[in-house]
Amino acid sequence: MFLKILLGLLCGVRALGAENGTAQQGPPPLLLVSFDGFRADYLRRFPMPNLKHLYSQGALVEQLTNVFITKTFPNHYSLVTGLYAESHGILASNMYDPISHKSFHVAGNHSDPSWWSEARPLWLTALDSGYKTAIAMWPGSEVAIGNRTASHFLPYDSSVTFQQRLGNTTKWMLGDGKEPGAMFAALYWEEPDRSGHQFGPDNDTAMSQVLKEVDDHIGLLISELKRTGLWGRVNVLITSDHGMAQCSAERLIKLDDCLHPDNYTLVDLSPVTAIIPIKDPEAIFALLNNCHHNMTAYMKSAIPDRLHYRNNERTQPIILVADEGWTIMQRGTKLPRLGDHGYDNSLPSMHPFMAAAGPSFRQGYRISSLQSVDIYPLMCHLLSVPPQPNNGTLNQARCLLVAETCWEVPLVVGMVVGVLLVLSTVTVLFRFLRYRRPSGSRPFQRLQVDDDDDDDPLLE
Ligand code: AMP
Ligand code: ZN
Ligand code: ZN
């Protein structure tokens, strides 16, 4: 009780400080931005001067290992919960829940709160710490999860421009003089995912054009933060949900060649197919298992642990996973797009990146990789918000932060190896010298000279 009152008072002080426009109490606000489908290697392949400027002032994680399945909704929910898909319950773009008998479709009905309530996203957890939060079109943000949304949100509308989304976000972060500004804000943008699907990630001409647009948006973001006085006062994370693989009309897996569609209900199609067998699951599995060299079939119980995808009611009895660049089709479905994602999350082509800047980050710092579930504990740490139980860890991300001492594994290993090398060299030298002493005549001859009778009286 006492603790509750104390917390209430502290939150009140923090809110009042912002209301009165006095110096900011507590940690810096945090802005999280996702550019959908930004594959890590786009950073090496295309110029991106504004993004490079941003992380030259802060830190870069060259590759993030995203979660399986490598789709937009599961991965965006993992970023704000720190959970794998099996734990947060948003397992795919199309789902069926065998308990409620409801269906979920990204391109249709997906706002029923029951789909989202297996986890609590950061925009709600931050409310519990007394903060305002503001979300522009992040998947799930328009859903009343546990009867709550962020303090401010924009319902999803793909026709709203980046400038409009950004303008709302900075307005919410600044507050209006009466209400304090949002401490946690997030913004979602559909590119380069849309162009990656349409042209394929290997199309340098098309991708360089869309990545120039994305980089211009980042330039706009930096100018807007500077114009509003937020630059340098807020922490900014720029990241993405997944990468993109090159596909082609030649790499097709036709389910109907192996099994008549009357035998199963199809929940999701490609590149991860979710199937409910109508009868004799073992026989259906056997047919699918031998269907195509470039497709792996799993009974639910045999889905590998590393995918973190088995332990949820919404994972269907059989799943099929296409190899990179392959598309699973059923008769009547559209021809494949030139780029797609959803594949095994260990594939480098599926990995996005993360750039960070702001008062909490070291300047010009780089690490090669991080798990995307580690971003949630990092964000909770930056905001001093107690994290919900999650699958991530702060251990590696600590190194990105100015206020943290961190022992980098390669450095520690290098130091240990160095010390061991020096010690063993000294030991070998020492042994070598000792070994050589009896045969070496000069020092002992001198000793013998020292042992002269003349010295004896002195010893007595
Ligand atoms: P996908 O590439 O199938 O994983 O999904 C990406 C697409 O999802 C984007 O191009 C958007 O059109 C769409 N999308 C993203 N966020 C939302 C949302 N909150 N509501 C509906 N559709 C969305
Ligand atoms: Zn996406
Ligand atoms: Zn996509």
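Donors are N, O and S atoms within 2.8 Å of the metal (3.2 Å for Na, K and Ca), and because water is not among the atoms, sites may look incomplete. This is a predicted model, in which local features need pLDDT of at least 70 and side-chain atom pairs count only at pLDDT 80 or more, whereas totals for chains, interfaces and linings use all residues. Residues are numbered from 1 along each chain as its sequence is written, chains are lettered from A and ligands numbered from 1 in the order in which they are written, and side-chain values use heavy atoms, with hydrogens and water left out.

**Exercise 1. Identify the donors of the zinc ion (ligand 2) and state where Asp36 and Asp241 lie.**

Step 1: the zinc ion (ligand 2) is coordinated by Asp36 (OD), Asp36 (OD), Thr72 (OG1), Asp241 (OD) and His242 (NE2), at 2.0 to 2.8 Å. Step 2: along the chain, the spacing of these donors is D-x35-T-x168-D-H. Step 3: Asp36 belongs to the loop between strand S1 (30–35) and helix H2 (42–45), and Asp241 to the loop between strand S8 (235–239) and strand S9 (245–246), so the pair ties together parts that are 205 residues apart in sequence; helices (H or I, at least four residues) and strands (E, at least two) are DSSP runs, numbered from the N terminus. Step 4: Asp36 and Asp241 are both buried, where buried means under 20% relative accessible area, exposed over 50%, and partly exposed in between (1.4 Å probe, protein chains only).

**Exercise 2. Describe the site of the zinc ion (ligand 3) and give its separation from the zinc ion (ligand 2).**

Step 1: Asp193 (OD), Asp193 (OD), His197 (NE2) and His341 (NE2) are the protein donors of the zinc ion (ligand 3), lying 2.0 to 2.5 Å from it. Step 2: the donor residues are spaced D-x3-H-x143-H in sequence, and the two zinc ions (ligand 3 and ligand 2) are 4.3 Å apart. Step 3: since Asp193 lies in helix H9 (residues 193–199) and His341 in the loop between strand S16 (339–340) and strand S17 (354–357), the pair ties together parts that are 148 residues apart in sequence. Step 4: Asp193 counts as buried because its relative accessibility is 10%, and His341 counts as buried because its value is 3%.

**Exercise 3. Determine which residues come nearest to ligand 1 and how much of ligand 1 the protein covers.**

Step 1: ligand 1 has 13 residues around it (each with a heavy atom within 4 Å), of which Thr72, Tyr156, Tyr188, His197 and His341 come nearest. Step 2: an N or O atom in the side chain of Thr72 is 2.5 Å from an oxygen atom of ligand 1, while for His197 the corresponding distance is 3.0 Å and a polar side-chain atom of His341 lies 3.1 Å from an oxygen atom of ligand 1. Step 3: ligand 1 has 500 Å² of accessible area on its own, and the protein covers 82% of it; accessible areas come from the Shrake-Rupley method with a 1.4 Å probe.

**Exercise 4. Establish whether helix H12 is enclosed or open, and describe the residue that follows.**

Step 1: in helix H12 (residues 375–383), eight of the nine residues are buried, so the helix is largely enclosed by the rest of the structure. Step 2: the buried residues are Ile375, Tyr376, Pro377, Leu378, Met379, Cys380, Leu382 and Leu383. Step 3: Ser384, just after H12, takes a positive phi of about 55°.

How values were computed:
Polar contact = N/O pair within 3.5 Å; in protein donor to acceptor, adjacent residues only side chain to side chain.
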